[in-house]
Amino acid sequence: MKKVKPNFKKPKARYFFKEWRKHRGLTQEDLAERVGVSTSSISQLERGLQGFTDSTLEAIAEALSCKPGDLLMRNPLDHDAPWSILDTLQKAPEATRQQIVDYANYLMKTGTDR
């Protein structure tokens, strides 16, 4: 009887470097220039073929005007995600922002689903 060797591979982590780059309207070349790395490094990073350090992550986040954690957890192209509401809220004028927050609080208190 032949032994079967289990092939348990750790699932690859899913990051959002490419999505943030596209969200900001940049090419790989543009991002590489802003970060000070080669275009091939950006390409490999986006494809999960190259790792990154904290300092690289911070440099890319700065170049893309986001937080390092955003690159690891948030797909900016997913417009149905809950954080898209926060992004919209942050772009609104202060008075409108307060109206939205007040309305959301009202809905939470009344429990209405209208």
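Start by selecting Glu94 and Arg97, which sit three residues apart in helix H7 (residues 94-110) and are therefore separated by about one helical turn. Helices here are DSSP runs of H or I with at least four residues, strands are E runs of at least two, and both are numbered from the N terminus. Show the side chains of Glu94 and Arg97 and you'll see them meet in a salt bridge, at 3.6 Å from N to O. That term stands for a side-chain nitrogen of Lys or Arg within 4 Å of a carboxyl oxygen of Asp or Glu. Side chains of opposite charge can pair when their charged atoms come close. Color by accessibility and Arg97 comes out as partly exposed, at 27% relative accessibility. The cut-offs are under 20% relative accessible area for buried, over 50% for exposed, and partly exposed in between (1.4 Å probe, protein chains only).

A word on what you have open: this is a predicted model, in which local features need pLDDT of at least 70 and side-chain atom pairs count only at pLDDT 80 or more, while totals for chains, interfaces and linings use all residues. Residues are numbered from 1 along each chain as its sequence is written, and side-chain values use heavy atoms, with hydrogens and water left out.

**Zoom out**

Switch to cartoon view. The protein has seven helices and zero strands, so to speak a run of α-α-α-α-α-α-α along the sequence. Of its 114 residues, 25% are buried. Among contacts with a separation of 6 or more, 54% join residues 24 or more positions apart; a contact here means heavy atoms within 4.5 Å.

**More salt bridges**

The whole structure holds four salt bridges. Select Arg14 and Glu19 for one of them: their closest N and O atoms are 2.5 Å apart. Glu19 counts as buried, at 12% relative accessibility.

Next, go to Arg74, in the loop between H5 and helix H6 (83-91). Arg74 forms a salt bridge with Asp70, with 3.4 Å between the closest N and O atoms. Is this pair buried or exposed? Both Arg74 and Asp70 are buried, and Arg74 has a relative accessible area of 14%. Now show what surrounds Arg74: leaving aside neighbours within four places in sequence, it touches Phe16, Trp20, Gly69, Trp83 and Asp87.

**Into helix H2**

Pick Leu31, which is in helix H2. At 2% relative accessibility, Leu31 is buried. Its contacts, again without neighbours up to four places away, are Arg21, Ile42, Ile60, Ala63 and Leu64. Draw a distance from Leu31 to Ile42: these two are eleven residues apart in sequence, and 7.6 Å apart from C-alpha to C-alpha.

Stay in H2 (residues 28-35) and select Gln28. Beyond four places in sequence, Gln28 touches Arg21, Thr39, Ile42, Ser43 and Glu46. Lys18 is ten residues from Gln28 in sequence and 8.5 Å away in space, C-alpha to C-alpha.

**H2 against H3 and H4**

Two packed helices are described by the angle between their axes and the distance between the axes. Here the axes are lines fitted to C-alpha atoms, for helices over the stretch in contact, with angles from 0 to 180 degrees between N-to-C directions.

Show H2 together with helix H3 (residues 39-46): their axes come within 8 Å and cross at roughly 110 degrees. H2 and H3 are therefore roughly perpendicular. On the scale used, under 35 degrees is roughly parallel, over 145 roughly antiparallel, 65 to 115 roughly perpendicular, and the rest oblique. To see the contact, select Gln28, Glu29, Leu31 and Ala32 on H2 and Thr39, Ile42, Ser43 and Glu46 on H3.

Now swap H3 for H4. H2 and H4 pack at about 120 degrees with their axes 9 Å apart, which makes H2 oblique to H4. This contact is made by Leu31, Arg34 and Val35 of H2 and Ala59, Ile60 and Ala63 of H4.

**Last stop**

From helix H4 (54-63), follow the chain into the loop leading to helix H5 (68-73) and select Ser65. Ser65 has a positive phi of about 55 degrees although it is not a glycine. At 57% relative accessibility, Ser65 counts as exposed.
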